[in-house]
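Colleague: I have just opened this one on my screen and would like to go through it with you. Could you take me around slowly, please?

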Amino acid sequence: MLTSHERVARMFARKDHDRIPRFDQIWPETLERWKSEGMTGDPAQLFDWDIAWVGWVSPTPFPGRREIVAEDAETQVIIGEWGDKRRWWKNRMGTPEHIGWECTDFKKWRDVFRQKLSADRWTADLKTWRQQFDAARKAQKWTCLCGIQSYEAIKAMLGDEAMFLAFASEPEWIQDMSRRYTDVIIEVFERIFQHGIKPDALWIFEDLAYSNGPLCSPQMYRHLVWPDHKRLCNFAHAHGMKFIFHTDGDINSYMDTFVEAGFDCLQPLEAKARVDIRQLAPKYGKKIAFFGNIDMMVAITNDKAKVEEEVRAKLAAGMATKGYMYHSDHSVPPQVSWETYRWLMECVEKYGRYA
């Protein structure tokens, strides 16, 4: 039997391996439900996941900032590390209400935010990260450093509306923000490597699309942000690492651009946004690996027959390329019962073996 590290490495190389690698992300509320339904232990160990995260990297202009400016019984309004003001739920997950942002124009960016955004201001408990990295290596897991890139950083500093207006009317500002953030995160990664943490992959999170299509045109993305995505991907490759790219939504129109940039793997392939491994794998499977696409809208029916067919069909399509890993098509929500998820993973075990 292969180790997790061997399995994932052979998946990326499209070489024969025993079963598809697997990993998942689960809402805290989901874990609470499962515990109430009898789950004991960590799903990562119970289901033998192959990937280990060893740190999250997202340099911000105001590290550690968390000013509570208003609150009620259920929510808090907080000014955060990006200069953003949002209303958050106190005791449950959910999308925050976006209220306002301090980075309102190019001058504020140039005079304040650009100066504050620096690798010298970034901090992390690298001793603990190194311990996690060493433990994952000892367990022979595939290791990833995770974080965001420039698109998410720009959105965090400007807000969606101002960002897209600037995309159209002030492209040089967007390009400067993207380049600056990429410079900073590359320097941060280099400092992490100097502490003996050299993972197998960078796993970068950027949400470029929504359920009905891309949030900006592929042409605009290519002109303003893509060069820095490609630069970070090239940086990963220069250090012998793979580059895994996360984006939700309907990313079908971005696929050629992702392949051209050299991305090694795309995740999570959101099924409800009309992304389908059965269509992508035959066209792109030799050029980019796929990671996910198991539809959680099917899983929340808690119908075992429907779940089994979803897993069977999607795995068959991905496995035909030998470049596929299991993941939900986003993350596992609390409507999925513990019994259903155990059944889903039984199906992954059953249909995810090559021999």
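**A walk through the model**

Modeller: Let us start with a single residue: Asn 293 counts as buried, because its relative accessibility is 0%, and please keep in mind throughout that this is a predicted model.

Colleague: Okay, and where does Asn 293 lie?

Modeller: Asn 293 lies in a loop, the one between β12 (289-291) and α13 (296-299). Its phi is near 85°, which is a positive value in a residue other than glycine.

Colleague: Why bother to point out a positive phi?

Modeller: It is worth pointing out because most residues other than glycine have a negative phi. Arg 14 is another residue to look at here, with a positive phi near 60° although it is not a glycine.

Colleague: And where is Arg 14, and is it buried or exposed?

Modeller: Arg 14 sits in the loop between α1 (4-12) and α2 (28-36). With a relative accessibility of 21%, Arg 14 counts as partly exposed, because buried would require a value under 20%.

Colleague: Let me zoom out. How many helices and strands does the protein have?

Modeller: The secondary structure of the protein comes to 15 helices and 13 strands. If you draw a box along the principal axes, the C-alpha atoms fill roughly 60 × 50 × 45 Å.

Colleague: What does the radius of gyration say?

Modeller: For 355 residues, a compact globule would be expected to have a radius of gyration near 20 Å, and the protein has 20 Å, so the two agree. As for the inside and the outside, 54% of the 355 residues are buried, while the protein exposes about 15700 Å², of which carbon and sulfur atoms supply 50%.

Colleague: How much of the contact in the protein is between residues 24 or more positions apart?

Modeller: Among contacts with a separation of 6 or more, 72% are accounted for by residues that are 24 or more positions apart. Val 54, in strand β1 (residues 51-57), gives you an example to look at: its C-alpha atom is separated by 6.8 Å from that of Thr 143, although the two are 89 residues apart along the chain.

Colleague: What else does Val 54 touch?

Modeller: Leaving out residues up to four places away in sequence, Val 54 touches Trp 129, Gln 132, Phe 133, Thr 143, Cys 144, Leu 145 and Ile 197. Val 54 has a relative accessible area of 0%, so it is buried.

Colleague: New topic: I noticed a cis peptide bond. Where is it?

Modeller: The peptide bond from Gln 267 to Pro 268 is cis, with omega near 5°. Most peptide bonds are trans. Gln 267 lies in strand β11 (residues 265-268), and Pro 268 is in strand β11 as well.

Colleague: Is Gln 267 buried or exposed, and what is it in contact with?

Modeller: Gln 267 counts as buried because its relative accessibility is 0%. Setting aside neighbours within four places in sequence, Gln 267 is in contact with Gln 25, Trp 203, Phe 205, Ile 244, Phe 245, His 246, Thr 247, Phe 291 and His 327. For one of these, Ile 244, the C-alpha to C-alpha distance from Gln 267 is 7.2 Å, with their positions 23 residues apart in sequence.

Colleague: Now the helices. How do α6 and α7 cross?

Modeller: The axes of helix α6 (residues 150-158) and helix α7 (residues 160-169) come within 7 Å and cross at roughly 115°, and the crossing is right-handed. The contact is made by Tyr 151, Ile 154, Lys 155 and Leu 158 of α6, together with Asp 160, Ala 162, Met 163, Phe 164 and Phe 167 of α7. By type, these residues divide into seven nonpolar, no polar and two charged.

Colleague: And what about α6 with α8?

Modeller: The axes of α6 and helix α8 (residues 171-194) come within 9 Å and cross at roughly 120°, and this crossing is right-handed. On the α6 side the contact is made by Ser 150, Ala 153, Ile 154, Met 157 and Leu 158, and on the α8 side by Trp 173, Ile 174, Met 177, Ser 178, Tyr 181 and Thr 182. The residues of this contact divide into eight nonpolar, three polar and no charged.

Technical notes:
Residues are numbered from 1 along each chain as its sequence is written. This is a predicted model: local features need pLDDT of at least 70, side-chain atom pairs count only at pLDDT 80 or more; totals for chains, interfaces and linings use all residues. Side-chain values use heavy atoms; hydrogens and water are left out. Axes are lines fitted to C-alpha atoms, for helices over the stretch in contact, and angles run from 0 to 180 degrees between N-to-C directions. Helices (H or I, at least four residues) and strands (E, at least two) are DSSP runs, numbered from the N terminus. A crossing is left-handed if the near helix is turned anticlockwise from the far one by less than a right angle, and right-handed if clockwise. Contact means heavy atoms within 4.5 Å. Ala, Val, Leu, Ile, Met, Phe, Trp, Tyr, Cys and Pro count as nonpolar, Asp, Glu, Lys and Arg as charged, and the others, Gly among them, as polar. The radius of gyration is taken over C-alpha atoms; the globule rule is 2.2 Å times the number of residues to the power 0.38. Buried means under 20% relative accessible area, exposed over 50%, partly exposed in between (1.4 Å probe, protein chains only). Accessible areas come from the Shrake-Rupley method with a 1.4 Å probe; for residues, only the protein chains shown count as cover.
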